[in-house]
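Student: I've got this protein open and would like to talk it through with someone. Can we go over it piece by piece?

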Amino acid sequence: MASTVELSNSPETEGQQDHDSSIDYLVHRKVYNYAKFTADEGEAIKKNRSLRREITSGLKDTCVPEKPTLQRLIPFIGLLQSGQYKTDDFVSDLIAGATMCVFHIPQGLAYSLLAGLKPITGLYTSLIPVLIFAVFGRSRHLSIGTYAVLSLILLDMIEEHRGAYLQRMQDNNITGASFGFNYTDTDYARLQIAMVGSFSASLIMMFIGLFRLGFFMTYISDSMLKGFTTAAGVHVMMSQVPLVFGVEVPRTTSRFKIIGTLINLFKVIHKTNFVTLGLSAASCIILYLVREFVNPRVKKKIRVPLPIELLIIIGTLLVSYFAKLNSDFNVSIVGEVPRGLPALLVPDMGFLPTVFASSIPVGIVGGIVSMSLAKLYCLQFQYSYDYNEDFAILGASSLVSSFFQCFFPCTALARNAVVVSVGMKSQMASIVSCGLMLLVLLLVGPLFHSVPTCALGSIIIVSLIGVIKQVTELPQIWRISRIDFSVWLVAALSVLILDVTLGLAIGLGFTLFSVILRTQSARIAVLGRIGVTDIYRDVREYPAAEELPGLKIVRFDAPLNFANAERLRDFVMQLVDDCARPADSDDQAGKSSRVHTILLDCSSWVYADMVGIRTVKEAYALLLSRNYRVLFAACKDSVRLLFFQEDFLKDADVSLFYLTVHDAVLFASRVAPNNQAETVSEVQEVKDTMAIEMTNRPDSANNDAGVALI
């Protein structure tokens, strides 16, 4: 390409070339359309591969793994061999691992109870899947275990199918004690449903990971996730209110879960156990004060927060044991907690088809929350990460664990934030946590027998305050994006008014709809030129941008597809109709300002579909029939390929496509639009350079800083 480039600095800013505003530039080259550019520089239009080749290549990239090595199988070994893991990192992981275990104990007990299961099940879930994921997982900073929102979804699944599974047990003469477990029939039914549902959710996660379908995470917006978790936090909090008051509230059958729960609560509120209520109030106050006021000061000195949740459990355990709260005051306690590791218990695969649909939200929420946080930390600590692999590993760890009385694991936002803040460096922190949890199960498990359930409920309620505080971000979201605000509101309200599972489906659906809405309601701008530069901006936003006589430059700020192509066509045709109306001026002025060329700035068309291209063809034909010249500028190669494949170039010449908007403007200003056919032939003769514009602008190079690219 024959061109020259000149750069100069203003004398007063010599030596300060880092300031772009002090640099002038002048490019001297031909005005290029794609016909001339291709003739000079060459271009090979890529043909689409056959469907068979696309499928074969896709399956090979997706399903054929890289050659397995020990470093890939166990990432921590690769971290050691690379020399990135130091002795100081191990010390940090020891502290983080101990902190993690301190959080796992109260959360495991509380969130398992929230799911309607025995508290010991939460401790199992804080050990086995955590250990598997720590060994094989790719994320160095992910702490999986139990999570309040996921426990609530599990509870919905368990209660939905509990009656059916109890009937199945009766039909098959199975009892809670049939396999040597000290369970009631109801407890055994709940455990089996949780295990089968977790097994099913694990299969979904493994499928997503193995076939690299994790791209769907890009459609889960931050606004949707925050709206969902905020409203789900309210549901979780409401589910703990009966524990705090010491009453048994019948489970509501209403679609409006919160309203139904409140109605049932007020029916039994007169039965409140005031000892339980007083213990709950004291626990909540202490937890809140320490979390909000004491721990921020403690962390400034020793990095590790005060383990107030564990201290509350120990304190209420001692009070409950010595004051005989269960026997004398009817305060509900955890009950028997067996010592040792969980025994093998095979999930009832015959019940898998029944529970499969209900397990989908379990896998989706668990996978999305975990992988979103893993992605956040890999960006923060700057290491490569493939969440498709961790989807599969999370599924595999849950699948194996479902044979050992565990439910689906997930990261907890608060727990993960704390362990990272105290210095978690790698998966070693989770391994340390598992070692300590093993000691807890082997040695001190039965000591949790007298822990009041109201203390666990208080821990859950206070831990959710931070989640519900996300509502304070709404004003900022409103200022940034009205659509994101709508997504947050729809996700939150649908969960609040209805229930968690249905609200999740509505939130996901509205998020996808918002993507369509953004595309369909994309902005259309009429561009003007800034001074004598090659810069073109929206005339509504930049007062300095002036429209050029006889020319309308239109930019459509979105990909061109079936949902929005007609909007672009209608806008252009309306623009032409407005320009065709008689102007309030003399005849000579009207002739000089008459629009003769429509220039479409295609720079925002990152892709186009068949309907979009055909709609542009229709608009082109309509404009041609009304004696308007149509030019295209800055069209992506992939989009030009679609024009070629749709036979657009049978009706129009490739010479109508220009490299830049400025190239097209110079041509349109220089070549009179006698008719479109003449335009096509004249394009081939255009050899204009910077001199075309500068002949009528004496001394222009000295008058304007930032001379145009011509």
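**Talking through the model**

Tutor: Sure, and let's start with confidence. This is a predicted model, with a mean pLDDT of 84, and 85% of the residues reach 70 or more.

Student: Over which residues does pLDDT stay under 50, with 6 contacts beyond four places in sequence?

Tutor: There are stretches that deserve some caution. Over residues 675-710 the pLDDT is below 50, and there the model has 78 contacts beyond near neighbours in sequence. The stretch with 6 contacts beyond four places in sequence, where pLDDT also stays under 50, is residues 10-17.

Student: OK, the big picture. What percentage of the 710 residues count as buried?

Tutor: The protein has 32 helices and 11 strands. Among contacts with a separation of 6 or more, 79% join residues 24 or more positions apart. As for burial, the share of the 710 residues that count as buried is 49%.

Student: UniProt has transmembrane regions for this one. How far apart are the end C-alpha atoms of residues 488-517?

Tutor: That span is listed as "transmembrane region" in the unreviewed UniProt entry, and residues 272-290 are listed there too. Residues 272-290 are 89% helix and 0% strand, with end C-alpha atoms 27 Å apart. Residues 488-517 are 93% helix and 0% strand, and their end C-alpha atoms lie apart by 15 Å.

Student: Next, helix 18. Which helices do its buried residues pack against?

Tutor: Helix 18 covers residues 428-444, and its 17 residues reach 24 Å from first C-alpha to last, close to the 24 Å expected at 1.5 Å a residue. Its buried residues include Met 428, Cys 434, Met 437 and Leu 441. The packing partners of the buried residues are helix 4, helix 5, helix 6 and helix 7.

Student: Ser 126 touches one residue of that buried set. Is Ser 126 itself buried or exposed?

Tutor: Ser 126 lies in the loop between helix 6 and helix 7. Leaving out residues up to four places away in sequence, Ser 126 touches His 104, Gly 108, Thr 146 and Met 437. A relative accessible area of 0% is under the 20% cut-off, so Ser 126 counts as buried.

Student: Which residue's backbone oxygen lies 2.9 Å from a polar atom of the Ser 126 side chain?

Tutor: A polar contact needs N or O atoms within 3.5 Å. At 2.9 Å from a polar atom of the Ser 126 side chain, the backbone oxygen is that of Gly 122.

Student: Ser 463 is another serine I'd like to check. Which backbone oxygen does its side chain reach?

Tutor: Ser 463 is found in helix 19, which covers residues 453-463, and is buried, with a relative accessible area of 13%. Outside the residues up to four places away in sequence, Ser 463 touches Tyr 111 and Arg 291. At 2.7 Å, its side chain reaches the backbone oxygen of Ile 460.

Student: On to helix 26. Within what arc do its buried residues fall?

Tutor: The 16 residues of helix 26 should span 22 Å at 1.5 Å a residue, and the end C-alpha atoms are 23 Å apart, which agrees. Its buried residues include Gly 612, Val 616, Tyr 620 and Leu 623. Seen down the helix axis, the buried residues line one face of helix 26, because they fall within an arc of 160°.

Student: What does Asp 609 reach at 2.8 Å?

Tutor: Asp 609 sits in the loop between strand 9 and helix 26. At the start of helix 26, a side-chain oxygen of Asp 609 comes to within 3.3 Å of the backbone nitrogen of Val 611. Beyond four places in sequence, Asp 609 is in contact with Leu 560, Asn 561 and Phe 562. At 2.8 Å, the Asp 609 side chain reaches the backbone nitrogen of Phe 562.

Student: And which residue takes a positive phi just after helix 26?

Tutor: Helix 26 covers residues 610-625, so look just past its end. With a phi of about 65°, the residue is Asn 627.

Student: Last one, Thr 660. What is its relative accessible area?

Tutor: Thr 660 is found in the loop between strand 11 and helix 29. Not counting residues up to four places away in sequence, Thr 660 touches Arg 29, Ala 633 and Ala 634. Thr 660 is partly exposed, with a relative accessible area of 25%.

Technical notes. Residues are numbered from 1 along each chain as its sequence is written. This is a predicted model: local features need pLDDT of at least 70, side-chain atom pairs count only at pLDDT 80 or more; totals for chains, interfaces and linings use all residues. Side-chain values use heavy atoms; hydrogens and water are left out. UniProt positions are given in the numbering used here, feature names are shortened, and annotations may be inferred rather than shown by experiment. Helices (H or I, at least four residues) and strands (E, at least two) are DSSP runs, numbered from the N terminus. Buried means under 20% relative accessible area, exposed over 50%, partly exposed in between (1.4 Å probe, protein chains only). A polar contact is a pair of N or O atoms within 3.5 Å; within protein, one must be able to donate a hydrogen and the other to accept it, and residues adjacent in sequence count only if both atoms are side-chain atoms. Contact means heavy atoms within 4.5 Å. The expected span of a helix is 1.5 Å times one less than its number of residues. The arc is that of the directions from the helix axis to the C-beta atoms. pLDDT is the predictor's confidence in each residue, from 0 to 100.
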